[in-house]
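Please open the model in your viewer and keep the sequence panel beside it. The stops below say what to select next and what is to be found there.

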Amino acid sequence: YWSDIKTLVFEPNEPLQYRKTYKGELDLGKISEDLKAKKLETLKFNFTVRGQQISNFTGELVLKNRNNPKLLNYRGKLSFTEKIDLDLLKEVVTLKRGSKKVELNWNSEKDGFTFSFISEDLTRDNSTQNFTFIIDRGKLNLTEDFEKSFQVTPIEKMKVVKVNKQEEGR
């Protein structure tokens with residue numbers, strides 16, 4: 001149907017799939033008698049249905065206090081191809097230490113596409129700790145789940161393990 005004098009609207013019978021390209025043809029002669037008289041070729045066109053994707057992810061371990069290497073935070077930025085609600089993002093993103101959930105604090109950029117995060121304090125102990133940053137694709141309609149793993153390693157006291165004698169000038 002025509003929404004105004006310049007805009008022809010196509011409405012699909014079924015919802016279109018995200019991230020898929022469709023091809024179409026329009027017989028211009030059927031739109032008006034003037035166009036039919038000009039015997040124009042069929043107009044062929046393509047269009048792609050956009051869909052949510054992760055466009056950028058950065059994440060790094062940082063010292064909370066440069067004088068205390070036992071306290072760390074995991075911070076980063078996450079950007080999407082489509083706008084997303086901050087509350088929905090909080091629902092689908094998880095940071096886990098093993099199977100235990102770690103709290104993330106979020107800030108939204110004004111554009112609605114980009115978000116920054118910082119974890120609660122992560123404390124080093126005497127063992128290596130494994131963490132996983134997970135984004136569940138379900139409610140965001142992503143093509144796949146996103147996972148980023150990292151480790152927090154223990155700080156050990158420096159100790160001499162081997163001494164090599166080096167003689168020079170003899």
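**A guided tour of the predicted model**

Begin by selecting Gly98, which sits in the loop between strand S7 (93-97) and strand S8 (100-102). With a relative accessible area of 54%, Gly98 is exposed. Keep it selected and add Gln129, for although the two are 31 residues apart in sequence, their C-alpha atoms are 7.7 Å apart in space. Please bear in mind throughout that this is a predicted model.

Now zoom out until the whole chain is in view, and colour it by secondary structure, which comprises two helices and 13 strands. If you show the C-alpha trace alone, its span along the principal axes of the chain is about 100 × 50 × 25 Å. The radius of gyration of the chain is 28 Å, whereas a compact globule of 170 residues would have one near 15 Å. Colouring by accessibility adds to this view, since 25% of the 170 residues count as buried.

Two pairs of residues let you follow separations along and across the chain. Select Asn46, whose place is in strand S4, and which counts as exposed because its relative accessibility is 54%. Then add Asn73 and draw the C-alpha to C-alpha distance: the two residues are 27 apart in sequence and 46 Å apart in space. For the other pair, move to Asn126 in the loop between S11 and strand S12 (129-135), an exposed residue with a relative accessible area of 75%. Gly138 is twelve residues from Asn126 along the chain, and the C-alpha atoms of the two are separated by 37 Å.

Next, turn on the side chains of the charged residues. How many salt bridges does the structure hold? There are five salt bridges in the structure, and three of them are visited here, beginning with the one in which the side chains of Glu82 and Arg50 meet at 2.9 Å, N to O. Glu82 belongs to the loop between strand S6 (68-80) and helix H2 (86-92), and Arg50 to the loop between strand S4 (43-49) and strand S5 (54-65), so this pair ties together parts that are 32 residues apart in sequence. Arg50 itself counts as exposed, at 58% relative accessibility.

From there, select Asp121 and Lys64, which form a salt bridge whose closest N and O atoms are 2.8 Å apart. Because Asp121 lies in the loop between strand S10 (114-119) and strand S11 (122-123) while Lys64 lies in strand S5, the contact ties together parts that are 57 residues apart in sequence. Are these two partners buried or partly exposed? Asp121 is partly exposed with a relative accessible area of 31%, and Lys64 is likewise partly exposed, with 49%.

The remaining salt bridge on this tour joins the side chains of Glu109 and Lys77, at 3.6 Å from N to O. Glu109 is found in the loop between strand S9 (104-108) and S10, and Lys77 in strand S6, so that parts 32 residues apart in sequence are tied together by the pair. Glu109 is partly exposed, with a relative accessible area of 33%, and Lys77 is partly exposed as well, with 38%.

Now turn to the backbone, and inspect the torsion angles of two residues. Lys39, in the loop between helix H1 (33-37) and S4, has a phi near 50°, which is a positive value in a residue other than glycine. Its side chain may be shown too, as Lys39 counts as exposed at 72% relative accessibility. Asn141, whose place is in the loop between S12 and S13, also has a positive phi in a residue other than glycine, here near 60°. Asn141 is partly exposed, with a relative accessible area of 32%.

For the last stop, switch to a surface view coloured by charge. Which residues gather in a patch of negative charge on the surface? Select Asp136, Glu144, Asp145 and Glu147, which together make up that patch. Glu147 can be placed within strand S13 (residues 146-152), and it counts as exposed, because its relative accessibility is 56% and the cut-off for an exposed residue is over 50%.

How values were computed. Residues are numbered from 1 along each chain as its sequence is written. This is a predicted model: local features need pLDDT of at least 70, side-chain atom pairs count only at pLDDT 80 or more; totals for chains, interfaces and linings use all residues. Side-chain values use heavy atoms; hydrogens and water are left out. Patches are made of residues with over 30% relative accessible area and no salt bridge: like charges are joined within 9 Å, nonpolar side chains (Val, Leu, Ile, Met, Phe, Trp, Tyr) within 5 Å. Accessible areas come from the Shrake-Rupley method with a 1.4 Å probe; for residues, only the protein chains shown count as cover. A salt bridge is a side-chain nitrogen of Lys or Arg within 4 Å of a carboxyl oxygen of Asp or Glu. Lys and Arg count as positive and Asp and Glu as negative; His and the chain ends are not counted. The place of a charge is taken as NZ of Lys, CZ of Arg, CG of Asp or CD of Glu. Helices (H or I, at least four residues) and strands (E, at least two) are DSSP runs, numbered from the N terminus. Buried means under 20% relative accessible area, exposed over 50%, partly exposed in between (1.4 Å probe, protein chains only). The radius of gyration is taken over C-alpha atoms; the globule rule is 2.2 Å times the number of residues to the power 0.38.
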